[in-house]
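The following note sets out numbered remarks on the structure shown below. Please read each point with the coordinates open.

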Amino acid sequence: MKKTMLLTVLLLLSTFSLRAQSVASSQDSNAVPVVLGHSLVALAGPWKFHIGDNPAWADPNFDDSAWESMNLGSKEDSFDPNQGTEGFVPGWTGKGHPGYSGYAWYRIRIRLSGADGALALLGSNDVDDSYQLFVNGQLIGSFGDFSSSDPTVYITQPRMFALPASVRQPGADSTMTIAFRFYMAPRELQQIDPGGMHNPPSIGFRDAITAAYHMGWEGAYRSSSSILLSALIYILFTLLILMLYVFDRTETDLLWPLAACALSAIFLLLVFFTNTTLLFTATEQTLAGAVMIATFVALWAITWWIYFGLAKKKWIRNAILVVALCGMVMDILYTVLTFSGTSVPHSVFAAYQISRTITSAAMVILLILIAYFGIRQAQRTDWMLLLALIFYGSPNLTPVYIALHIRTAWFPFGINLRLVILTSLASLFCFSVVLMRQFRSSQRRQQAMEEDVKQAQEVQQVLIPEELPRVPGLTIKSEYRPAREVGGDFFQILPHASDGSVLIVVGDVTGKGLQAGMLVALIVGAIRNQSDTNFDPASMLQSLNRRLCGRGHAHATCLALRIDADGAATLANAGHLPPYLNGKELPMEGALPLGMEERTEFPVMRFQLAEGDTLMLMSDGIVEAQDEQGQLFGFERIHELLSKATPQKPITAVEVANAAQNFGQKDDISVLSVTRTEVREAVFA
């Protein structure tokens with residue numbers, strides 16, 4: 001929970017601009033002489049210390065001679081075993097009060113000399129956890145909220161307290177009693193030598209204290225800059241994975257590292273802002289961290305499980321979820337139990353340490369199993385992926401590093417570089433190489449698919465003729481506009497070789513894209529094969545229905561129309577839109593589409609086409625065209641459009657297709673118009 005700042009900055013400042021003199025006084029032997037120059041003095045002590053809590057201990061006249069003495073000056077080789085910083089002073093648990101949490105008091109009596117100006121006090125920059133400051137019995141300020149019996153705890157931050165003139169005695173030399181009332185949550189007992197202040201506060205002129213205060217904040221931001229930088233790197237990595245996913249949305253495996261990176265970035269930003277502001281309490285951060293850490297640990301572990309090709313070993317995924325959930329529940333319970341009150345049974349700490357050791361070991365074992373099974377079944381080891389996994393899992397061995405006295409934190413230029421940050425960035429770098437290879441593979445696959453689509457387009461252009469055949473006595477025009485590169489609508493115009501009749505088959509298969517195009521190819525081939533022996537519309541639909549039944553989702557609406565040389569027309573329908581004769585919809589019975597049931601009977605109707613009559617056949621892409629407000633083109637607009645036709649100026653297939661496309665095309669559009677001419681002559685499309 002502690003956040004370390006640069007005590008050495010304050011000590012250097014004191015070396016250049018102040019001198020602390022210790023002079024025996026016959027009037028008050030308990031007062032520590034402090035001579036203020038133009039800067040500040042570190043109050044290393046000796047301090048009087050006592051565990052417990054009593055409001056009377058803030059009274060300057062209280063006799064604390066029986067209290068134990070405590071010096072806050074650090075040794076040259078002092079080292080923080082928790083954070084890895086220098087200048088560490090062990091807390092009260094390391095000075096005779098092991099296992100104690102709750103309230104404790106520090107008192108010191110100083111005699112000021114040369115204090116001819118506004119004074120201020122700079123709080124210790126490494127404390128456990130919250131405190132109140134009293135000067136000559138007067139409450140000056142606090143760090144943390146002491147309005148309840150269990151004070152609210154925040155991450156340690158620089159604090160400056162202006163000392164009012166009312167707390168100073170008149171005269172050149174005046175005495176001042178400074179008292180700190182500390183509260184430490186039981187949770188801190190899991191640290192090494194916690195409790196109270198780990199370096200001394202400082203007193204001095206307000207300008208000097210203000211300068212040191214700002215330097216302390218500068219050091220705090222510098223120390224946390226590695227966390228912010230890591231968060232930004234995770235954000236960039238999140239955007240990179242998001243772009244890769246947008247490029248190829250079939251790569252659903254990317255969603256796992258995407259979620260893991262996004263959550264990691266959010267957590268690091270939470271830590272940074274909690275370290276540098278009072279945005280969240282330590283309890284809130286710890287609870288949020290328990291949930292976030294367990295979640296992104298599970299997300300990253302599942303990412304490795306997927307990328308090592310172990311999706312079939314679902315027991316590994318289930319084990320990952322169980323271990324992560326157990327770790328989260330234990331962290332939440334431990335936080336609730338140890339962030340309040342003044343004492344917690346030792347069994348709680350022991351149980352938590354044992355459980356965390358077990359869950360960490362279980363996660364390490366799962367990562368090892370992922371690497372083992374992944375390498376075993378792979379034809380070639382992906383070393384970058386393996387390195388990414390090793391770097392990711394190495395922070396789980398931190399307790400081992402500590403036991404072996406291996407440093408896990410460094411402070412170059414005051415920047416807090418932790419092993420977990422360095423290994424996480426190394427893991428991201430290695431994983432980025434894996435993602436780039438995946439991206440290139442996706443590019444090659446996309447290019448191959450584009451080539452397949454191009455070839456399918458070429459095949460469809462052959463199947464759906466651009467130049468319509470000549471049919472004596474009929475004018476046939478068509479318009480075809482697929483919604484995608486490969487459409488699902490089809491039509492065939494097949495003149496009979498001997499009797500002058502023509503068979504027209506139009507339809508619309510289910511689905512879109514390449515799959516629909518392949519189904520179109522199947523149907524068109526079947527139409528051409530069947531037309532060699534039978535021109536009957538009903539028989540044609542029965543044959544197509546048998547071809548499609550049993551092929552899964554291979555369904556299609558279809559309409560088969562035969563027009564004889566004398567204008568007699570026979571129409572069979574399989575769920576397709578009925579055609580329009582001279583702008584009016586033919587009253588034809590509905591039916592199931594092709595491929596639904598093998599023994600379906602398709603309705604047949606017969607009518608006569610007179611000279612000048614126009615028959616308009618269209619797909620449901622006309623009716624289902626949709627504007628920006630979600631309104632359909634609908635049958636009413638079709639009736640309105642066709643009703644404008646006159647014998648002198650009929651509505652063409654192009655005009656119908658344009659009207660629907662301009663309204664808002666959502667599906668393939670195909671329109672076929674057949675007009676019986678007065679003179680039986682061949683007409684081009």
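1. Ser 166 sits in the loop that runs between β10 (160-163) and β11. This serine is exposed, its relative accessible area being 58%, which means that it lies above the 50% cut-off. Its C-alpha is 9.8 Å from that of Val 135, and the two residues are 31 apart in sequence. The model is a predicted one, as applies to every point in this note.

2. As to the overall make-up, the protein chain contains 14 helices and 25 strands. Of its 685 residues, 49% count as buried. Among contacts in the chain with a separation of 6 or more, 76% are between residues 24 or more positions apart.

3. The largest nonpolar core has 52 residues, and those touching the most other members are Trp 300, Trp 304, Ile 320, Ile 370 and Phe 431. At least two residues of this core come from each of several helices, including α2 (206-247), α3 (255-276), α5 (314-338), α6 (346-377) and α9 (419-463). Helix α4 gives the largest share, with 11 residues.

4. Which residues does Ile 320 contact, leaving aside its neighbours within four places in sequence? They are Ala 298, Ala 301, Ile 302, Trp 305, Met 363, Leu 366 and Ile 370. There is also a second, separate core, made of 34 residues, with Trp 47, Val 89, Ile 108 and Ile 140 among them.

5. The packing of α4 (282-307) with α7 (383-393) may be examined next. The axes of α4 and α7 come within 11 Å and cross at roughly 155 degrees. Angles over 145 degrees count as roughly antiparallel, and α4 and α7 are therefore roughly antiparallel to each other. The crossing of these two helices, α4 and α7, is left-handed. On the α4 side, Phe 296, Val 297, Trp 300, Ala 301, Trp 304 and Tyr 307 take part; from α7, they are met by Leu 385, Ala 388, Leu 389 and Tyr 392. Trp 300 and Trp 304 thus recur here, having been listed among the residues that touch the most other members of the largest core.

6. Thr 274 belongs to helix α3. With a relative accessible area of 1%, Thr 274 is buried, because the cut-off for that class is under 20%. Leaving aside neighbours within four places in sequence, Thr 274 is in contact with Ile 155, Gln 157, Phe 280 and Gln 285.

7. Seven salt bridges are found in the whole structure. One of them joins the side chains of Asp 53 and Arg 181, with an N to O distance of 2.7 Å. It links distant parts of the chain: Asp 53 is in the loop between β3 (47-51) and β4 (68-70), Arg 181 is in strand β11 (residues 173-184), and the two are 128 residues apart. Asp 53 is partly exposed at 34% relative accessibility, whereas Arg 181 is buried at 16%.

8. A salt bridge also pairs Glu 218 with Arg 222, the closest N and O atoms being 3.0 Å apart. Both residues are in helix α2 and lie four residues apart, so about one helical turn separates them. Glu 218 is partly exposed, at 46% relative accessibility, and Arg 222 is partly exposed, at 25%. In the salt bridge of Glu 479 with Arg 481, the closest N and O atoms are 3.1 Å apart; Glu 479 and Arg 481 are both buried.

9. Two cis peptide bonds merit inspection. The bond from Gly 45 to Pro 46 is cis, with omega near 10 degrees, and Pro 46 is placed in the loop between β2 (40-42) and β3. The bond between Asp 128 and Asp 129 is cis as well, with omega about -10 degrees. Asp 129 is in the loop between β7 (127-128) and β8 (130-135).

10. Positive phi angles should be noted too. Asp 193 has a positive phi of about 55 degrees although it is not a glycine. This residue, Asp 193, lies in the loop between β11 and β12 (196-197), and it is partly exposed at 28% relative accessibility. Asn 582, likewise not a glycine, has a positive phi of about 55 degrees. Asn 582 is found in the loop between β21 (580-581) and β22 (584-585), where its relative accessibility of 44% makes it partly exposed.

Note on methods: Residues are numbered from 1 along each chain as its sequence is written. This is a predicted model: local features need pLDDT of at least 70, side-chain atom pairs count only at pLDDT 80 or more; totals for chains, interfaces and linings use all residues. Side-chain values use heavy atoms; hydrogens and water are left out. A nonpolar core is a set of buried Ala, Val, Leu, Ile, Met, Phe, Trp, Tyr and Cys residues joined through side-chain atoms within 4.5 Å. Buried means under 20% relative accessible area, exposed over 50%, partly exposed in between (1.4 Å probe, protein chains only). Contact means heavy atoms within 4.5 Å. A salt bridge is a side-chain nitrogen of Lys or Arg within 4 Å of a carboxyl oxygen of Asp or Glu. Axes are lines fitted to C-alpha atoms, for helices over the stretch in contact, and angles run from 0 to 180 degrees between N-to-C directions. Angles under 35 degrees count as roughly parallel, over 145 as roughly antiparallel, 65 to 115 as roughly perpendicular and the rest as oblique. A crossing is left-handed if the near helix is turned anticlockwise from the far one by less than a right angle, and right-handed if clockwise.
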